[in-house]
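Hi,

Here is the structure I promised to pass on. Have a look at it first, and then read on for what turned up.

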Amino acid sequence: MKKLGISLGGGGAKGVSHLAFLKVLDELELTPSIISGTSIGAVAGAFYASGMSGEEIHEKIKGLKFLGLFKFMDLFKFKQSGIFSGDGVEKYLEENLKVKYFEDLQIPLKIVAADFWERKQIVFSKGPLIPALRASISMPGVFSPVKIGKRILIDGSVVNPLPFDIIREECDFVAAIDVSGEKTPKSDNNFAGVIGTLLNTFQIMQTSITAEKIRRNPPEIYIKPRLENFRVLDFDKSEEILLSVSEDVLEFQEKLIEKMF
């Protein structure tokens, strides 16, 4: 059997759609030889690599409704370096992720974060898992950065939104899921607020980085659902997000069957 690598990109709440693609792996009884992830893709990848199925992870996020979602985002804990401290996310991971070290994962995993001062990619693949995840999701302006050792770390999407390149040598082919989505204005005169402008600018940067990587050395399977006008923090729309990628999931399934069987 060919060695399959799965790369899961960043995109905030849009990354909930990763679960629909992971369910395809379960249905086809395919186990990736390695997974890479950035930001929300790192979180989805960690849960999956720990041994949970796509459906089991789906059940976990169904609990993030109303008050549970607010606790997850630690609303009202404003920090100078971010709207949210990230404590709620870290607590959620501590309580729900049964594996705490990379070495105990059932599938090898690589997680991308960015060094704030050195302005470069940092790849985690060993040691404590949750600090690496917390660093990888630290979207500038939204979550406070994380200090690990002497490094100040922020969201991996700043340097590598879809990290299929970091696992190429460890598998026969890579399937990359890009959940950056698309944004269209409601009207010609529509302007975003301060936070909306910050987040959309961040996503423009992500899209540009990924497009250049795809142009230079594309993965064997590349799926980019439209995920139109879902916002980064729309975790309360998880079911709608999952339903919106139905056609993309079928395309993914067909391409996997073609490559693997």
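**M52 and its surroundings**

M52 sits in the loop between α2 and α3 (54-61). One thing to keep in mind throughout is that this is a predicted model. Is M52 buried or exposed? Its relative accessibility is 9%, so M52 counts as buried. If you skip the neighbours within four places in sequence, M52 is in contact with F47, I57, K60 and K98. There is also L97: M52 and L97 are 45 residues apart in sequence, yet C-alpha to C-alpha they are 9.4 Å apart in space.

**Helix α2 and the cores**

The helix on one side of that loop, α2, covers residues 40-49. How many of its residues are buried? Ten of ten, so the helix is mostly covered. The buried residues of α2 include aromatic F47 and Y48, along with I40, V43 and several alanines and glycines. Just after α2 comes G51, which takes a positive phi of about 115 degrees.

Now for the nonpolar packing. The largest nonpolar core has 69 residues, and those with the most contacts inside it are L25, L109, I111, L129, L133, F252 and L256. Which element gives the most to this core? That is α2, with eight residues. A second core, separate from this one, has ten residues, among them V112, F164, I166 and C171.

F252 deserves a closer look. Setting aside its neighbours within four places in sequence, F252 is in contact with I6, F21, V24, L25, A175, I177, I221 and I223.

**Aromatic rings**

As you may want the ring geometry, here it is. A pair of aromatic rings is described by the distance of the centres and the angle of the planes. The structure holds two aromatic pairs. In the pair of F21 and F252, the ring centres are 5.5 Å apart and the planes are at 80 degrees, so this pair is edge-to-face. F21 belongs to helix α1 (residues 18-27) and F252 to helix α9 (residues 246-260), so the pair ties together parts that are 231 residues apart in sequence. Both F21 and F252 are buried.

The other pair is F116 with W117. Their ring centres are 4.8 Å apart and their planes are at 85 degrees, so this pair is edge-to-face as well. How accessible are these two residues? F116 has a relative accessible area of 41%, so F116 is partly exposed. W117 is at 65% relative accessibility and therefore counts as exposed.

There is a charge over a ring too: K213 lies over the face of F164, at 4.5 Å from the ring centre. F164 is also one of the residues in the second core.

**Strands around β8**

Last, the strands. Which way do β4 and β8 run, parallel or antiparallel? Strand β4 (residues 109-115) and strand β8 (residues 151-155) run antiparallel and are joined by three bridges. Within this pairing, A114 stands opposite I154 in β8.

On β7 (residues 146-148), three bridges again lead to β8, and these two strands run antiparallel. Here K147 has I152 in β8 as its bridge partner. The hairpin of β7 and β8 has two residues between the strands, and in this hairpin G149 takes a positive phi near 65 degrees.

That's what I have for now.

Cheers

Terms used. Residues numbered from 1 in each chain as written. Predicted model: local features only at pLDDT ≥ 70, side-chain atom pairs only at ≥ 80, totals over all residues. Heavy atoms only, no water. Buried < 20%, exposed > 50% of the residue type's maximum accessible area, 1.4 Å probe, protein only. Helix = DSSP H or I, 4+ residues; strand = E, 2+ residues; numbered from the N terminus. Phe/Tyr/Trp six-rings, centres within 6.5 Å; stacked < 30°, edge-to-face > 60°. Lys NZ or Arg CZ within 6 Å of the ring centre and 35° of its normal. Contact = heavy atoms within 4.5 Å. Core = buried A, V, L, I, M, F, W, Y, C linked by side-chain atoms within 4.5 Å. Pairing = 2+ DSSP bridges.
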